[in-house]
Amino acid sequence: MAAQDGGGGAAVVLNVYDLTPINDYLYWFGLGVFHSGIEVHGLEYAFGAHDLSISGVFEVEPKCCPGYVYRRSVWMGTTEMSRAEFRSFIETLAGKYNGNTYHLISKNCNHFTDDVCKNITKKPAPGWVNRLARVGYFFNRLLPKSIQVSTLSHGATHPAISDDDVESTCSSLSGDSDVDDLDQHLLPAAGIDLQSVNVSPKLSKDLV
């Protein structure tokens with residue numbers, strides 16, 4: 001989405017992706033299973049899962065999160081933050097979004113982008129983007145604790161890789177995305193050097 005005139009500043013754009021073809025039908029009823037990322041200063045930032053208590057926030061080329069089908073962009077406004085200021089803000093926020101705290105219902109990628117939007121534009125992300133998680137949260141609370149959806153299990157193992165070629169850590173409720181050759185960059189939280197940390201990312205199919 002091209003920048004719009006909003007009194008100056010850098011565009012803040014929410015990029016939304018389909019996680020399942022059934023979204024073609026659900027979307028028109030205000031539902032769907034979506035991944036989202038926030039685009040500012042020419043990069044897109046999102047939140048995904050891995051096994052360690054370090055940032056699960058990563059950056060990709062806008063509208064090109066591998067393994068997902070881009071649907072649309074939503075203009076959220078502008079920010080007066082410079083590129084460096086915004087990067088610092090994201091790295092600070094990343095400290096609240098460790099990969100091992102990812103939760104399909106209560107703390108997913110859409111919660112992260114909503115948090116960013118509220119902080120820098122004072123507006124929440126559109127409700128339809130994460131509506132299914134909110135509905136799921138309500139019904140999950142009604143289930144016996146023994147079968148409630150909890151935080152991700154961490155039994156799966158993957159080869160250790162560097163932060164420069166982290167495989168997909170996008171959130172997902174589907175399990176068939178082809179994410180073998182991804183080029184995403186895991187973003188450190190403020191004060192954390194990921195060069196010395198081996199991260200075992202969870203692919204979409206590992207999240208359910």
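**Helix H3 and the core around it**

Colleague: How many of the twelve residues of H3 are buried?

Modeller: H3 is largely enclosed by the rest of the structure because most of its twelve residues are buried, nine in number. This is a predicted model: local features need pLDDT of at least 70 and side-chain atom pairs pLDDT 80 or more, whereas totals for chains, interfaces and linings use all residues. Residues are numbered from 1 along each chain as its sequence is written, and side-chain values use heavy atoms, without hydrogens and water. With buried meaning under 20% relative accessible area (1.4 Å probe, protein chains only), the count for H3 is nine.

Colleague: Which elements are included in what covers the buried residues of H3?

Modeller: The buried positions include Phe112, Asp115, Val116 and Ile120. Helices (H or I, at least four residues) and strands (E, at least two) are DSSP runs numbered from the N terminus. With contact set at heavy atoms within 4.5 Å, the cover includes S1, S2, S3, S4, S5 and H2.

Colleague: Which element gives the most to the largest nonpolar core?

Modeller: A nonpolar core joins buried Ala, Val, Leu, Ile, Met, Phe, Trp, Tyr and Cys residues through side-chain atoms within 4.5 Å. The largest has 30 residues, and Phe112 and Val116 are among those touching the most other members. S1, S2, S3, S5, H2 and H3 each supply at least two residues. The greatest contribution, five residues, comes from H2.

Colleague: What distance does H3 reach from its first C-alpha to its last?

Modeller: The expected span is 1.5 Å times one less than the number of residues. For the twelve residues of H3 this is 16 Å, and the model comes close to it, reaching 17 Å.

Definitions and conventions
Buried means under 20% relative accessible area, exposed over 50%, partly exposed in between (1.4 Å probe, protein chains only).
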